[in-house]
Amino acid sequence: MAVVAWGRFFARAWLCRRAWQGCSRQYRAAFCAELKQPLAIEKVDHRPVCPHEVRVNVHFCGVNFADILVCRGQYQEEPHLPFTPGMEFSGIVLETGTDVSTVKEGDRVIGVCGFNGMAEECITDQKSLWKIPEGVALREAAVLPISYGTAVLALEHRARTQPGETVLVTAAAGATGLAMIDVATNVLQAKVIAAAGNEQKCKLAMQRGAQSSVNYSQGSLKEAVRKLVGSGGVNVVIDTVGGDVFLEALRSLAWEGRIVVVGFAGGTIASVPANVLLLKSISATGMSWGQYKNKNFSLFSSILSSVLRYCQQGRIQPYIGAEFKLEEVNDAFLHVTRRKSTGKVLLSLK
Ligand SMILES: NC(=O)c1ccc[n+]([C@@H]2O[C@H](COP(=O)([O-])OP(=O)(O)OC[C@H]3O[C@@H](n4cnc5c(N)ncnc54)[C@H](OP(=O)(O)O)[C@@H]3O)[C@@H](O)[C@H]2O)c1
């Protein structure tokens, strides 16, 4: 068994070496060398691409809440130190391995890579790349993989949102929140109540398509929702905050309502009171977008193809709230953790 495994390793290493062109060049990347410490920008030597791999010239990389959790050691996956964070990017294909058939040099692509995105170049498996259609800019495309992938999966596949239903979205002016509003309103023809932590965020959520808004820093979310929709409640809740916001949102649901647990940005994981589920026949469900890549790749891939198409058709309009240079990555992280960000925060690598 061990002999077979080593044989495979050496064969793979040999193929990688053969595919290596131009080993002297270097590129810059953000590095997490120690958890909970600022990232460093360092120069990295090229490595060869393996037969199934693609080298991408990264133009934009999304800064996600999850990247910050990874660098604090608070994420479900814990990469070995040092590592380069960055789970999604857009860019142009520089080089392909000998077995790559899905993309070619010069293609514009989005990528979902787990880690490694916050660098001028990223090597990834061909299965992690999707071609960007004409008319979609690299900048807008970089917003799609995580926020819009999550939005379609949560609203369509987990909550089964129907046209005309009312969806309550928490942290509605965040990256995930604005994508939820966009997809719920413009793809699924649902009505959105946006819940956010200050008036400016509520205003932005309304400008981006929500029908009404609630500032949950000013009192009870449940009471405010009741004033908007009456005692009937909302059909769907998409929650990225957790804690008391989750519990109040859960209690705002209508008969046969559905709540989707997407995140815990507030830092507290609430327990679900089973009696509330029973009384109104409510379904509480969760989702982890990244895991669908391994567990159900065909759904994952078809959702990414759909969001690229929606973007090309002008049905969705990704919102970028701030853009930082690679060397400003720590400022970008602070912008998010201090709750100042709206929509997607991007790193520009060019
Ligand atoms: N399950 C999945 O597959 C999946 C996919 C994407 C994201 N997520 C999760 O969803 C959450 C939101 O992600 P995102 O990328 O949309 O983040 P984001 O754009 O930074 O939005 C996070 C928002 O959460 C709210 N918030 C409430 N309490 C907070 C606190 N103590 N610290 C910071 N923010 C707080 C803030 O909005 P207000 O000021 O309006 O409250 C903040 O703007 C994260 O937990 C992320 O890990 C999960």
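## Close-up views of a two-domain model and its ligand

**View 1. The ligand and its surroundings.** Of the 28 residues around the ligand, those that come nearest are Gly174, Thr176, Gly197, Gly263 and Ala265; a residue is near a molecule or strand if its C-beta atom, placed from the backbone, lies within 6 Å of it. Helix H2 (65–72), helix H4 (144–158) and helix H5 (175–186) are the elements that give two or more residues to this shell. H5 provides the largest share, three residues. Helices (H or I, at least four residues) and strands (E, at least two) are DSSP runs, numbered from the N terminus. Sorted by class, the shell holds 14 nonpolar, 12 polar and two charged residues. Here Ala, Val, Leu, Ile, Met, Phe, Trp, Tyr, Cys and Pro count as nonpolar, Asp, Glu, Lys and Arg as charged, and the others, Gly among them, as polar.

A word on the model before we move on: this is a predicted model, in which local features need pLDDT of at least 70 and side-chain atom pairs count only at pLDDT 80 or more, while totals for chains, interfaces and linings use all residues. Residues are numbered from 1 along each chain as its sequence is written.

**View 2. Two domains with the ligand between them.** The protein chain is divided into domain 1 (24–143 + 319–348) and domain 2 (146–288), with bounds that come from an automatic or database domain assignment. Taken over C-alpha atoms, the centres of domain 1 and domain 2 are 29 Å apart. Domain 1 brings 12 residues to the contact and domain 2 brings 13; two residues are in contact if their C-beta atoms, placed from the backbone, lie within 7 Å. The side of domain 1 that touches domain 2 has four nonpolar, five polar and three charged residues. Why does the ligand lie between the domains? Both domain 1 and domain 2 give residues to the shell around the ligand, so the ligand lies between them.

**View 3. Parallel strands E8, E9 and E10.** Follow strand E8 (residues 166–170) to E9 and you will find parallel pairing over five bridges, with Val167 opposite Val192 in E9. Two strands pair if DSSP finds at least two bridges between them. From E8 the chain crosses through H5 to E9, a right-handed β-α-β crossover. Right-handed means that, with the strands pointing away from the viewer, the path from the first strand over the helix to the second runs clockwise. Strand E9 (residues 191–196) in turn pairs with strand E10 (residues 212–215), again in the parallel sense, over four bridges. The chain passes from E9 through helix H6 (residues 199–207) to E10, and this β-α-β crossover is right-handed. Ala195 stands opposite Val214 in E10, and Ala196 has Asn215 as its bridge partner there. E9 is mostly covered, with five of its six residues buried. A residue is buried if 20 or more other C-beta atoms lie within 10 Å of its own, exposed if 12 or fewer, and partly exposed in between, with C-beta atoms placed from the backbone.

**View 4. Lys201 in helix H6.** Is Lys201, a residue of helix H6, buried or exposed? Lys201 counts as buried because it has 24 C-beta neighbours inside 10 Å. Leaving aside neighbours within four places in sequence, Lys201 is in contact with Ala173, Ala196 and Thr342.

**View 5. Helix H2 and the loop that follows.** The buried residues of H2 are Phe65, Ala66, Asp67, Val70 and Cys71, and they pack against strand E3 (53–63) and helix H12 (329–337). After H2 comes Gly73, with a positive phi near 75 degrees. In the loop between H2 and strand E4 (88–96) sits Pro82, joined to Leu81 by a cis peptide bond with omega about -10 degrees.

**View 6. Positive phi outside glycine.** Which values does phi take at Ala171 and Arg339? At Ala171, phi is near 45 degrees; at Arg339, phi is about 70 degrees. Ala171 lies in the loop between E8 and H5 and counts as buried, because 29 C-beta neighbours fall inside 10 Å. Arg339 belongs to the loop between H12 and strand E15 (344–348) and counts as partly exposed, because 14 C-beta neighbours fall inside 10 Å.
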